[in-house]
Every structure is written in C-alpha cells, then in structure tokens.
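New to this one? Have a look at the sequence and the 3D view first, then read on.

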Number of protein chains: 4
Amino acid sequence: MNKDQYALTPPMGWNSYDYYDTSVTEAQVRANAQVMAEKLRPFGWEYVVVDIQWYAHRPGSMRERFQYIPFGVLAMDEYSRLLPDSERFPSSEGGRGFAPLAEYVHGLGLKFGIHIMRGIPRAAAHAHGKIKGTALTADLAADPSSVCRWNPDMYGLRDGEAGQAYYDSIIELYASWGVDFIKCDDICNTDNLVEHSPGAYARKHEVEMLSRAIAKAGRPMVLSLSPGPAVAEQAWHYQKHANMWRITDDFWDDWRLLKAMFHRCELWQDHAAPGCWPDCDMLPLGRLGKGFGEERSTRFTPDEQRTMMTLWCIFGSPLMTGAELTKLDDETLSLLTAREVLAMLPCKARQVLRDEEKAVWTASGPETGTRYAALFNLSDAPAWVGASWEELSLPAAPGTELWTGEALPLREGGLSACLPPHACAAYRFDGI
Amino acid sequence: MNKDQYALTPPMGWNSYDYYDTSVTEAQVRANAQVMAEKLRPFGWEYVVVDIQWYAHRPGSMRERFQYIPFGVLAMDEYSRLLPDSERFPSSEGGRGFAPLAEYVHGLGLKFGIHIMRGIPRAAAHAHGKIKGTALTADLAADPSSVCRWNPDMYGLRDGEAGQAYYDSIIELYASWGVDFIKCDDICNTDNLVEHSPGAYARKHEVEMLSRAIAKAGRPMVLSLSPGPAVAEQAWHYQKHANMWRITDDFWDDWRLLKAMFHRCELWQDHAAPGCWPDCDMLPLGRLGKGFGEERSTRFTPDEQRTMMTLWCIFGSPLMTGAELTKLDDETLSLLTAREVLAMLPCKARQVLRDEEKAVWTASGPETGTRYAALFNLSDAPAWVGASWEELSLPAAPGTELWTGEALPLREGGLSACLPPHACAAYRFDGI
Amino acid sequence: MNKDQYALTPPMGWNSYDYYDTSVTEAQVRANAQVMAEKLRPFGWEYVVVDIQWYAHRPGSMRERFQYIPFGVLAMDEYSRLLPDSERFPSSEGGRGFAPLAEYVHGLGLKFGIHIMRGIPRAAAHAHGKIKGTALTADLAADPSSVCRWNPDMYGLRDGEAGQAYYDSIIELYASWGVDFIKCDDICNTDNLVEHSPGAYARKHEVEMLSRAIAKAGRPMVLSLSPGPAVAEQAWHYQKHANMWRITDDFWDDWRLLKAMFHRCELWQDHAAPGCWPDCDMLPLGRLGKGFGEERSTRFTPDEQRTMMTLWCIFGSPLMTGAELTKLDDETLSLLTAREVLAMLPCKARQVLRDEEKAVWTASGPETGTRYAALFNLSDAPAWVGASWEELSLPAAPGTELWTGEALPLREGGLSACLPPHACAAYRFDGI
Amino acid sequence: MNKDQYALTPPMGWNSYDYYDTSVTEAQVRANAQVMAEKLRPFGWEYVVVDIQWYAHRPGSMRERFQYIPFGVLAMDEYSRLLPDSERFPSSEGGRGFAPLAEYVHGLGLKFGIHIMRGIPRAAAHAHGKIKGTALTADLAADPSSVCRWNPDMYGLRDGEAGQAYYDSIIELYASWGVDFIKCDDICNTDNLVEHSPGAYARKHEVEMLSRAIAKAGRPMVLSLSPGPAVAEQAWHYQKHANMWRITDDFWDDWRLLKAMFHRCELWQDHAAPGCWPDCDMLPLGRLGKGFGEERSTRFTPDEQRTMMTLWCIFGSPLMTGAELTKLDDETLSLLTAREVLAMLPCKARQVLRDEEKAVWTASGPETGTRYAALFNLSDAPAWVGASWEELSLPAAPGTELWTGEALPLREGGLSACLPPHACAAYRFDGI
C-alpha cells in the first residue's frame, strides 16, 4: 500500500468530538451516519469518525474534574489492544470490536474512522500484557518516560521490535474491523503548549512505525495526525508518512482562532498534494459542545462561517464537520452543501497577500482552465479588499462569485470587493 | 519544626550510589557505617544514606539494558508506601521497614538517611491504592502527566489534599523508622537535559508539600533535593523549603565536571546559610562504580582531589563521599580527614575572580577572626595564580597553607602561588 | 573606593524621566531641586538625577515619530565625551559640563546624578575620535555589532584597553563635575523584550569596566544599572559591581505592573545589603508624562500608591520619585513624607507568602528589636489577608499600623486585616 | 519582471570569496572569467560573482584583527550608494561603477554578479546622505537598531517609503551597470549563531523591498539570499521573493559540514523549482583561502568531492565554485565538467532514507523517462549502502553509474553498492 494512492482529495466527513467530547455512543454514531448518507454524501462527505476514548467506561462521569478520568477502566483484549466499551457500543460485544458498526456505515455508502492515542495502554505495560504474534510483552514495548501531557491512557512506544509488533497488531485488528480512517493523537506535536518547542516532533519514530504497519496491513486506511501545530520544518516527514496532519492546535468557534488560521495556511500553502493534506481541523458549525457540558450553536457569525469554509476549501484542507448532524439547521446544511465552494477541493493554492487587515488567495482548480480567487476581510470594520491581476497571476477576466452566484463584471484594475467585517468573497474564473 | 534550626553546618556523610548504583544491600550499608564510625566520625562525618531503589526487587538484573527496570517489582505496604526490598534488606521483614537498620546506624553514633523519588508509585495509582488516614486513593493523588524523565517508578503528586496526605503518610513512616535525612530526587530540576529550561522547577508545589510534611512530623529530618542544576532564579524558594539542593547535574570523576563546578559555585556563592546549603554533589573518591559494571578507583588525580575538597569546603557544600568505605586507601582517608581543610565548613565565602585559567576564593571562617583564601589553577599547565590583598579584602598577613601546614610568609603584593595543572593552595589567616 | 562603603541605605531622590522624558532643562532641574531641599530632604530624599539625552539637541522635536531622534545632533568634547546640550543647560557653556549645576544642587544640601547610555557615541566611532590620555581612537574602542535596541546614540565598548580608557575618561570627567550618582542604561538587561533571553546580560564586561573606572576615580558615585529585569541568576555579579540594579522593565502607573512587582520582589528578596540594592524603578506619583505628550496625574489609586510605597520600603528598594516636584499636591507629599513607612528602609525582608490574591511580607528593621509586617490585597475585591505568627516568625505581639498610626491589639491567631482591593496594611512591632 | 521566469535551472558560476575573502581585484576577476569562458562555459557555468566589500578601501589590511575593518573607508556616490573601490577596480573610475567589468564579462559570453550587504551605509546615515530621486535622507531610511552581527558597514532599512526608495536606487544602478546576479547578505538568517532563533528571519520586509525593486528595474537579476540556514518554516516566503537562498551557514571543506548538509537537504527536499533554488553554498574545491591568510588545496578527499558534487546536483542546488580558476588542476576540472553528473540539474529529488551511516536519494531528471538514484556512505568505514526498488519508487532496471560510466546490471533486490568511507555512487536509469 502506497499511502499517496488514496486520499487523493482532502477527506470529508463527520467527527464526534465537537459535540460529544468523549461520550459518544453507537446509536449516536449511527444516527449521524444516516444523516450524512442522506443529505451530505452527494456533496462528497463520506467519513464517519468516532473520536477519543471509545474504549473508556463511562468516560464523562467525572467531567467537572477531568476530561479524561485518570487510571479509569478501559476495555482491552488479551493482546493489550483496546476495544470499544460495550456499554456504549453494544454491537462490539463478544469481541467483535467495531466490525459491526463499520459494516453498518459501509452499508450506507460511507467510510468508517476511529481515533487512537499513540502508544500502548499504561495498564497493559504495568500488567506485562502480551503482544499478539510475539513472545514480547507490553512492559518492553512501552517507554515509561513518554506520556501524553493531557491524556492518561497510554505510554509511547520505544523504537524497536516490540513497539513495531504492537502497532502491527492494532492496525491489523482495525483493518479486520473495516476501519478506513485512523486519527492518531498526541503524535503530530507532543508539546503544543510551547510555540517552536524543540521537542515538538519528538515521536517521529512512532509515525514511521504506524505508517509501516498500515502499509503492511494492506487496507487503504487514511492516517491523520493530531494535534497541531505540526512542525513546519518537518513538512517533508509528515508528507512522507501521513495522509493528513493538523497544522493548528484545537480549533473552535472563536474568531481569533479563525484569524490565526490564515497564518497557519500561509506557512503550509505549498504542501497539499494527493495523499498529503495539511489539516485545519474540524469545522465547529451547527450544534456543538454537549459533551463538554454546554450545548450551543456555533459562535461563528454567518460571515465567519463562510470565511472558514472558503479558507478550508481554497487552501485544500480536509473537511470534518463537528456539527451534530441530527440537529442540522438549514443554514448549516447550506454551508456544507455549497457545491460551488466545495468544488475548489482540491486546488493548488497560493496566498497572494496577508496582513492584520486582510488576506487574498488564489488557486488553480482541479479542472483545467479553472482558477479561483478569494478575498477576506480580517478586520473588524467593513473594508475594501483586493489585489491586482498581476498579483493574482490572472489575466483580467470576468468571473462568478461562489457564494452568491453573481457574475463579476470585468474590471481592469484587478479584483476587489467591499466586505463586511470577517466576511469573504470567492470567485471562479473559467477558460483561463 | 523549623528546618533552619538543624543542618546548621553542611551535612557530611556517605552515600551508596557512586559505588553500588541501585544494588546496595543491608550488609553493605552496615559495613560502610562501621568504617565511618571508626575512622571518619571524629572528623564530622555522620550521615549514612541509602540511595535509589531500595524498594526494588533485583534492581540490577537488567543492567545492560536499563538502569531502572521499567514496570519492575516494588515492595509496597497497604497504604501505597514503598518498603525496603526484604531480599536485600532482611531486617525490614515483617513490615519493620528501615527501623532496624536506622537503629543500628544510630547505635554507632551516626545518622541514617534514605533516597526517595518524588511522587507516588505508579503501580499504586493504577491499583487505586489507599492513602493512610484518609478515604482518598492513589489515583486521585497521582498526576498522570508528571513522570520522571529517567526513572519509571512514580507519578508526581497533584497539589491538593490527596497529595499532601500521601506525603504526610510517608514522612510519618520515615520518622517512625528513625530516618534523619531524606534525599528527594526528580524534584530540584525536572528538566535537567536542557539548560535554562523554563519548566525546570515545575514541581515547586511538591517541595512545599514535602517541607510541610516534615514540619508536621516533628523529627529534624534533613531535606536534600536532587538532581541539579537547581534553578538559580528560584534560590529563595529552595532556601525557604529545603536544607540542601543540588546546584549541578550528577557529578563524577571527570575534570571537565570539576572545572564546571567553579561556574556553579560562582552562581550560588551568596546562598549558603545555616539550614540552607547549595550542594555540589557526592565526592567521587576512592573505589567507585561497581554497581555500574566498572569498579575502579577515582579518575581524579591527587591534585584534582584536593582541588575538589578545597572548593567544596570553602564554598560550604555538603560533603557526601561516594567511596566504598571498606576499601578506603590511606590517601583517600587522608583527604577525608584533612582537619584543617574541613575546618573551613561552614564559612561565608566569596569568589574573588574566575576565568578559564584560574579561580580565587576567600571566606570568613566560622571562628571569629579567621579568614581563608584558596587559589586554583584551572588550566592544563603549571601557572601562577594570585590576587591582591585588596581584591581578597584582606590585610596583608602571614598565613598557613592548609594541605601542607607550611607557613606563608608575609608578602605585600598579595597572595600568589605557582600551582601544577588542576591544583590548588588554601590558606588560613588568623587574628584578622 | 569600595562601592559597598557608600549607598549604605537605598538611595532616595528625584528623576526627571517620568515627567520630562528626554526634554528636561537646567531651570526645571533647579526648580525640582529646590522643592526637594525644602520639603523632602528631612525625610531622606537627596539625589537629583538628570535622565536620558541631556547631550541631545532639541531631543523632543520629532516626538510623534521618535523618542530618540536617530543620528541627531549631540554635544561632544574633543575626546569623544558627551556634554550637556548648552541650549538646555546654559551653565554648561564653555566646557564646564554639569559642574555648575552639580554645585548648585550640592549647595542645597543634595546630591547630583546623571543618566548615561553604555558605550561610546556612534558619531565618535565613525569620526575616529580621540580618547583622552591615550593614542587610541574611538573606532577601535567601539564594537560595531553592539547597539542598543531602543536608543541610537552609542556603540557598546569592546573588552580591552581602548574601552577601559574611554570609560575611565568619562568617569573622571563626571567626578570632576561633582557627580554623585550614575544611572547607566542598556546594560542591566540588553534584551528585555524576551523573558529569560540567553543574551540578556551579555555586556557584563562593560559593567566591570565601569565599576573599575569608578573605583579609580576615587569619588563615591553610586552606580545604578538599567533597564531590567536584571537576570536573577547573575545576582552575585550585580552585587559585586553595582550599587543598584533594576529588577523590572520600565515601571509605570498601571496596576498590572504593580502586581507583577510582587513576583519580582519575591525573586530578589535575599539580595538587598548595604551598597547593593535591587531596584523596583521610579515611583510614578503626582504629575507625570508631560514630555511624553500627555501630562496627567498618576493613574494609581490612593490605595495602590500606598501599596507601592509599602512594598518598595519593606523590600528595600531605592526610592526615586518621578513626580514633577513643583506641582506636588498634598496627598503625594504626604506619601513621600510618611516617616513611619520610610523608616523601614533599609530592612532585612522576607516574603511570607504570595499568590494571585495576596502577599505577606515581614522584615527586621534597621533598629534592633523592631520588626515589620505588611499585608497586601492583590485581588480586585475586598479580602481578608493574613498569616500566622509562626509563618511570620514573630511572637504574638501588639503593633502599630504605619499608615494610620492605629494601635494593633494583640491577636493570638496571627496578623490579619480586611483590605480593600489593591490596598495594604503595614505594622511595626517593637521590643521583639 | 516575474522572478520565476528566469533562473529556470540552478545558477552555476564562480564566486571570489573562498579564495580572496574581501580582497579580490578587477584583474583577478577578469582572469577567472577568462578561464571560466574557456573551460567551464560549455558545461553550463556562467556567473562570475564579486563577493563582499568591493567598495572597501584596502579591506584586508587589518586581517589579523578584523575580517571587516570597523568604520573603514568606503567608496560612495552622492546618493549614498556604494561604488567599487577604484584602487582595486580601476575601470570603475569616473563613476562608471562595475559597468566596464560587466561589459567585459558579458563579452566572454558570461554573466556578472555582485554581493551586497542589506541596508544603507552607516556612514551615509550619520551624514544624512541623499537618496536619489527623493527629498528623503539616509538617516530616515536607516534603522539604527538593525545592524549585522558580523559586518560593520550598513544599517538595515526601515519598512517605508525612504527605504524602498533607497533599494530602488541601488538596484536601478546595478541594472544600469549590467549586473545579472545579486547576492544579498545578512538577510536570509540574521541570527545564525542560534539554532531556531525566533528572530532569524526578522528582516523579511527587506527581502520584499529588494524583490520589488528588482521587479521594477526590469532586468532579470537573480536574487540570492545569504547567509543560512534559511528558516524552513518560512520556505514559502523565500520561494515567493528570491531565486535562491542559503540553507546552511557558511560551508567549507570539512567533512562534518558536508555530512550536516544531508540534514539540510532533507529539510528542503521539496522546495526546488524553476526560479526557486535552495542553496547549499559554494563548492570549496581546488585552491582556496589565500585572502584568509592560508592558501591551500581543498581538504576534501576525492571521494568527498564527488559526494559533494553528487548531492548538490541531485538535490538541485546552485553550483558556485570557490576555486581559484587560474590554478585549476585536472582533477578539479574533471569534477566541474562531469557532464553526466551535472545533467541531473535540475531534477525533482526525494530523500529515500538517511541516518548517521548513510543516505539514499532518488530523482526524476529533467528529461522525460530519466530517473536518478544516489547512494552515500556517511560513515567512516567502508559500507554497503542500498535501498529496495520499492523504496526508490523505481522499477527494477539496469542503469549507468555516473562517475565511472559503468553499466549497472539488473538486480532484483534493489540498488546497492559497497562504498569507501564518505564516498557515493550515482546512477541514471533511462526509459522509465
């Protein structure tokens, strides 16, 4: 399996985290999958991803003190491999794991993904648990000094035979379940509290081990790395081993984070390619936050939502919506099904300019002769944003605004628009 | 208990680490204590300290792969408190802990010390072990993200009721055993791989908790913090809570480390006071290294050994010898019993000058009217080292060289000597 | 000259910067000196300090663009030494420098101080200017890679004969003028934009050269180093060479800066001694800011002003008021003449506790048997602040509140008070 | 002028620095140009570049103390623009600048380049010199806090009208002289003493200003940025504005530096494109070092020389030889004319693997169907180095070794060779 032969366009899907935190159940996953199949699949959405701690027993029960209960009860097989908590995922009973749920999702014409923490359960290491297919044990695979800063479940793996055997064994299991997408956490940046931490990408060898295990398993499983910000200097390494990697710390519905994403996209603008997608993180749209104790609608204004969708699409980020799909309102649905905007994925994009007040991007679309440009007002007041055709590397041309469908008449001087605060305009130019 | 009312002079003793690594046994501790009582006690040596992993079962048995066996077998009581491994410390059988050994040491007119790692055993946290005197459990006291970089035994403690209760419970136990000295490791600098790491003194609250526990226990137990380098900016905090703290990473018999100690002492020259001793680490003299797989005599030359002793004494460092005392040769014994040199302890010292080639120190001795000065040749060739009386803040005066006993005739220009490479001279001036 | 034989208590005085910025004139200095002599001298205030750019021609004339005009006109003698601008300091005409002004100030029973930038004028280096008493020239003394981040006037000096000769020549000149106090800028922390910058104290050798020059000059001139924060690890070096050094970046009338000073004082609590004073910077009281284009009264509330005075005094900071003394209102005057509070200077202080909400300090006063304690409410709401007698290391005793003069009745439990937001209480205990 | 429309392949040429340091003369430049025209031009070598301080008077005359004489004499026109020192470059007399020399070089069928320091002469700023075409003066363009760490000649330029006008004025002058290549120094990394310095690319705006000035001038002048290491995170910015940028600090004939270059090339492997060339620095071959006071032949062994040439070519680095061409020996000449190796330029390369012992690269050549692979032994002993065809992304194929011309028989298992220490093998595969 060569990982650049799948994920040829940025993966699109739904992820349970933004709404459910650690607490999602099988029924809820199924319900979201149904909505996706009905309403979103025709627009390219296909992955249904169960996020963090599906193996934990009653994971939200100490939510006022801990996001992740320390030393809590985890479901595990005899080979030190985590299993879905059967109270929350009843179909997993009898050692079937996620196979039944994956089958259900596949039956809807969709793909199935799971979240994992890098490493091996701490409980397995302390119990000297077995590793499948070997005489080695978890205590020799685990690195007792490698722990996640924010989650207590795992020890990182040493670079060696025992560690590789363990990763091989879990990836083999996931392949047997029919998993299509693996979001591995605490691996892309293991020190994301500190900007430019010298040790931020200290677990490169675990990325390599996982990548090797997936290649062996022979199933085209997307490898997605979290959390960010990915270390830009190591771009080549992410590109070599992963399908997508987070270029930002956790993203939420806060304008400051959205504005900061323009800086992140600037850094990563040259790094999108088939099988290789810098990832701007989930889209916090629609209904969010229930598992965090504060169910709410997104705090983004409609203009900010369009700005986010436009940036993600012209940049070429994977699109994973965090909205609870069973509660999807019409406005959010229209965002997720804005065919003209989604059509930018994947494109070859370039930032034309950026400062504190504005940003301009341009891109070649996937279809020959199609070009895109997007204007963003990053300031807190209405403002004209624009660029000359020369800056855009475009001939003066008429175009179409993607959100409104309005024709853009030819203007010699360049492309510009007067935009409300935090708003954008995006244009398609054909026959270039 | 106010910790500044004991350890009024720098503690002096023997520590098992340099010779035995993790593997020391009761018989060996007793044998060393006997030698100390016979030969060294009259010169001020009194602490017998059992260093790291006295609770571990067969700790040296995987020495070629690990200094500390990951997820190994540790002796522990029902309250999550580590106990001496009874195979190595037979008198501890039946839950008596170190009480019999402490009693033996006390009987020799000496004091007894132990090493601990900060925190609570990981095994206890995973087992939800009890904490004595409370309904709280180890999983709530342990901080799963706080692990030592180099030892796999413990989790750090959260700042709170459960953590304080645990520290209270172990200190109470140690007091009941008759412990006089506690060397707590992985606490003085928790990131000693990186010079000036911003998180180097990130576990201040554990120092405070330990200090509180000792004050409560009511027994004057010296609190010694390791490893270094201590964070000089936080000098006030070490001084407030501990009796001694390591100002250097592990010190061994290597000239480069000894030369570097002059820089460390420069930084800490104003911080020695009764109950407060910046610590230059153990003295790697005599026979060393058996537990590390390479028994040897110290690699320091005789001149370097005197330079070390002189610096430690004039600076006011605690003196803990690492030499196996049962194999003490005459030369090493003479170093450890150099009464005139040891008499500098404790003094109020000041560095007069230091560069790559030389260093000069001066000090007021503990007795009124006594002043000291020491000249060090840090270069690799014979050299004259000296300073004017004005630089030394001394009147021109005759003196006595401490190592040779030779009288120093009065010289108007100042104090100077021609010294072999790495050698020193030290002088006492009386009636100043 | 041994610098520890003067500045035996923290220097107290007035500095022109907070009100005048770069623009102060001789007449204004004289007017302030008169007020100080009349109203403040009996309370210990004695230094009159002319701050930055007294050598610059029309320094405020481009104030909207530059605080310091780049490549502006500077008065300089034939030996590359800066002279007062004679338009602003008319008595300096004819090469008399500050001698007449110093004489005037001395005549009032006060002392005279000036500000300097470390180094040699860039103009002198480019002109290959002479250095007095040598055949060396400024181009060889200047280090072309050593420039101040924020002021364009000088190059730093290389460590060598030419540099020492230049510093000797300016200090000799200042001594001949009758200067009593030298505030040298861009030397205590040369990279104060970055917390813990590794190069923050990169110009140690210039401190040493200045200190040597002062010792040679034979006049007891206080050496004050700016800006801060001083590098706490290098405390010993500041103590060895300077009389006072700034432990903070520029301090202004903003509560956040005042609250942050408690952290700074915590770090430096053990470092005050005769001749050695960690410096909390000028007191922004009364009328301020005219030279900055916004004359105003201090933004500190009366409670904050008392908190500032109390902290500076119990900690032992030098006191330099920035208030324009000719516009002193009664309230500010009463602060500057609070004899009971000022009486704490100098004391041997110790922080008892500090967190985000409160701080408690205690001190031994200069008189035998006198002890002080201060309680600070750092929170934004009224709060009880207190400590036990044991924490204070004080016997339970009655005392006197210093600001109100009220008697404090004996309370067994300890010392406590209910304080308004940002307010303090300070107590004297006698006969301890 | 779009800078991506020239420098379509990595620039190749000669640079005066490695042999002459600051001291090269016109006659020496002409002599080297002649050799290049005769012997190297047919192989693609075309740029003749005069490196640092062509404007300085007798620049090597204080070589034992300074590489760059501080505050020395520089030739400058009335508009603050540096001119060639006419003692060293006689044809520049009468204000003709480098025009006659450029004309001579062009007459040989070659291109002409010069080195500049970013910024404006300090002497001009202090003299308030004019800026051509404006009423602005140098003191307003210069940023007095922006100085080079290692060269004393210039101040950096503020981002604004005066600065842009100055850069426009010098670039216009260089275009009028016929300059084809500008190597701008102290701009690619302004803090190259510190790995990952946060301020390393602090003068981005000067890159943008220069790039704008070149676009305006309308002459296709290659913009080359020094010194390195370029900040990999800012790859997009270098690519947008420059034609080549140094990915390493100064490179010399030392194996450790050559080995370290493999790490640098790893980081930059995806960033070569027409108009955009990550630069491994000059080739220290043949005779070197006269201006540095130690004329010598390269210290690289023949194997190391081939390793260097192979890495530079397969990676796609510009090739600038530092060898004195009038003293070219046959072996060096054969390296510089190794047509089969040079034919790799430019290729689309990818590192296959790298560790401390070895590296393997593969590339697509500029001709359709041609693929390359290179094996490097980085260890100090003979070793087998190889990779599977799958790792190389190549079908099993016969090939040709580029240095020997030997045919490589088909081996199913992959590509491998037994290589002497520091040696390489490079292969071409056709018809893929």
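Here is a short tour of the chain contacts, followed by two closer looks inside single chains.

## Before you start

This is a predicted model, in which local features need pLDDT of at least 70 and side-chain atom pairs count only at pLDDT 80 or more, while totals for chains, interfaces and linings use all residues. Residues are numbered from 1 along each chain as its sequence is written, chains are lettered from A and ligands numbered from 1 in the order in which they are written, and side-chain values use heavy atoms, with hydrogens and water left out.

## Where chain B meets chain A

Let's begin with B and A. Each of the two chains puts 21 residues into this contact (contact means heavy atoms within 4.5 Å). About 1700 Å² is buried between chain B and chain A, with carbon and sulfur atoms giving 65% of that; buried area here is the accessible area (1.4 Å probe) that two parts lose on being put together, summed over both. On chain B's side, F71(B), H126(B) and P144(B) supply 38% of the area buried against chain A, more than any other three residues.

What about polar links? Between chain B and chain A there are eight residue pairs in polar contact, both residues at pLDDT 80 or more. A polar contact is a pair of N or O atoms within 3.5 Å; within protein, one must be able to donate a hydrogen and the other to accept it, and residues adjacent in sequence count only if both atoms are side-chain atoms. The rule finds zero salt bridges across this interface (a salt bridge is a side-chain nitrogen of Lys or Arg within 4 Å of a carboxyl oxygen of Asp or Glu).

## How B and A are related

Chain B can be laid on chain A with an RMSD of 0.0 Å, using a turn of 179° and a shift of 0.0 Å along the axis. That is the relation of a two-fold axis. Both copies use the same surface, as 100% of the contact residues of chain B recur in chain A. The superposition is by least squares on the C-alpha atoms of residues with pLDDT of at least 70 in both copies.

## Where chain C meets chain B

Now for C and B. Chain C and chain B bring 16 residues each to their contact. The area buried between them is about 1400 Å², and carbon and sulfur atoms give 44% of it. E233(C), W236(C) and L267(C) supply 42% of what chain C buries against chain B, more than any other three residues.

There are zero salt bridges across the interface of chain C and chain B by the rule, and four residue pairs are in polar contact, both at pLDDT 80 or more. Some pairs of chains stay apart: chain A and chain C do not touch, and their nearest C-alpha atoms are 14 Å apart. Likewise, no contact joins chain B and chain D, whose closest C-alpha atoms lie 14 Å apart.

## Two closer looks

Over all chains, the count comes to 104 aromatic pairs. Rings of Phe, Tyr and Trp (its six-membered ring) pair if their centres lie within 6.5 Å; planes under 30 degrees apart count as stacked, over 60 as edge-to-face and the rest as tilted. W245(B) and W268(B) have ring centres 6.1 Å apart and planes at 55°, so this pair is tilted.

Over in chain C, leaving aside neighbours within four places in sequence, R339(C) is in contact with P42(C) and F43(C). The C-alpha atoms of R339(C) and L394(C) are separated by 23 Å, with their positions 55 residues apart along the chain.
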